[in-house]
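Welcome! Please have a look at the sequence and the 3D structure below, and take a moment to turn the structure around before reading on.

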Amino acid sequence: MKAVFLDRDGTLGGDGYGTHPDKFEMFDFAPEAVKALNNEGVKVVLFTNQSRIGRGYFTEEELLEGFTRMKTELAAHSAYIDAIYYCPHHPKDDCDCRKPNIGLLEQAKQELQLDLEKSFVVGDTGGSDMLAASRAGTRMVLVKTGRGEGSLTKFKDHWPGIEPDHIAEDVLDAAMWIVQQLKKEK
Ligand SMILES: [Mg+2]
Ligand SMILES: [Zn+2]
């Protein structure tokens, strides 16, 4: 089974920094992107660092309520997310799930029986999303929204030597490119 892992902040919406779940808003085109991936029969998986739980800015319960609202909004567009994986830890906790570590990807691989080499990661941050993708051996698409432009310039040294398979304007552009790849593989 193939999956497309989508980052939340800066990729599906928000500004690339850990937005409070009550304030997080998806980009208008995000549901269309998710729906296009749903139509290809791949698992659509949200994977996100939420260290502001560990830092005490909001609770895990508030995060989960935010996810529920997101799912409701997606459902209104006939789009759905198959699974959500998040890291709630403070960076100092040194956990194995905080991106660029690959604990979330490994957990999803086990639970959803995924072939990571045939899966994709879509994210805006080179030093977390792209680095995790590279370590886990998935294909990767960097979006220019959120922290994407900075990842390509000022912060390229956070993910040296890694080249995304595609650089997309936004998550909809990323989804369209992935759909093309998936159709070629059928
Ligand atoms: Mg992000
Ligand atoms: Zn963690």
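This report visits the metal sites, then the aromatic pairs, and then the charges that sit over rings.

## The magnesium site

Keep in mind that this is a predicted model. Let us begin with the magnesium ion (ligand 1). Which residues are its protein donors? They are Asp7, Asp9 and Asp124, lying 2.1 Å from the ion. Asp7 and Asp124 each contribute an OD atom, while Asp9 contributes its O atom. Along the chain, these donors follow the spacing D-x1-D-x114-D.

That spacing has a nice consequence to look for in the 3D view: Asp9 and Asp124 link distant parts of the chain, 115 residues apart. Asp9 is in the loop between strand E1 (3–6) and helix H1 (30–38), and Asp124 is in the loop between strand E4 (120–123) and helix H5 (126–136). Are these two residues buried or exposed? Asp9 is buried, because its relative accessible area is 6%, under the 20% cut-off. Asp124 is buried too, with a relative accessibility of 0%.

## The zinc site

Now find the zinc ion (ligand 2). Cys87, Cys95 and Cys97 coordinate the zinc ion through their SG atoms, and His89 does so through ND1, at 2.0 to 2.2 Å. In sequence, the donor residues are spaced C-x1-H-x5-C-x1-C.

What geometry does the site have? It is tetrahedral, with angles of 102 to 117° among the four donor atoms. Two of the donors, Cys87 and Cys95, are both buried.

## Aromatic pairs

How many aromatic pairs does a search of the whole structure find? There are four. One of them is formed by Phe27 and Phe29, which are stacked: their centres are 5.3 Å apart, with 25° between the planes. Phe29 is partly exposed, with a relative accessible area of 25%.

Another pair is Phe120 with Trp177, whose ring centres are 6.2 Å apart. Their planes stand at 90°, so this pair is edge-to-face. Phe120 lies in strand E4 and Trp177 in helix H7 (residues 171–185), so the pair ties together parts that are 57 residues apart in sequence. Both residues count as buried: Phe120 has a relative accessibility of 0%, and Trp177 has 16%.

## Charges over rings

Finally, look for charged side chains above aromatic rings. The charged end of Arg52 sits over the ring of Tyr57, at 5.4 Å from the ring centre. Lys156 lies over the face of Trp159, and here the distance to the ring centre is 3.9 Å.

Technical notes. Residues are numbered from 1 along each chain as its sequence is written. Chains are lettered from A and ligands numbered from 1 in the order in which they are written. This is a predicted model: local features need pLDDT of at least 70, side-chain atom pairs count only at pLDDT 80 or more; totals for chains, interfaces and linings use all residues. Side-chain values use heavy atoms; hydrogens and water are left out. Donors are N, O and S atoms within 2.8 Å of the metal (3.2 Å for Na, K and Ca); water is not among the atoms, so sites may look incomplete. Helices (H or I, at least four residues) and strands (E, at least two) are DSSP runs, numbered from the N terminus. Buried means under 20% relative accessible area, exposed over 50%, partly exposed in between (1.4 Å probe, protein chains only). Four donors count as tetrahedral if all angles lie between 85 and 135 degrees; four count as square planar and six as octahedral if opposite donors are over 155 degrees apart and all others between 65 and 115; anything else is irregular. Rings of Phe, Tyr and Trp (its six-membered ring) pair if their centres lie within 6.5 Å; planes under 30 degrees apart count as stacked, over 60 as edge-to-face and the rest as tilted. A charge sits over a ring if NZ of Lys or CZ of Arg is within 6 Å of the ring centre and within 35 degrees of the ring normal.
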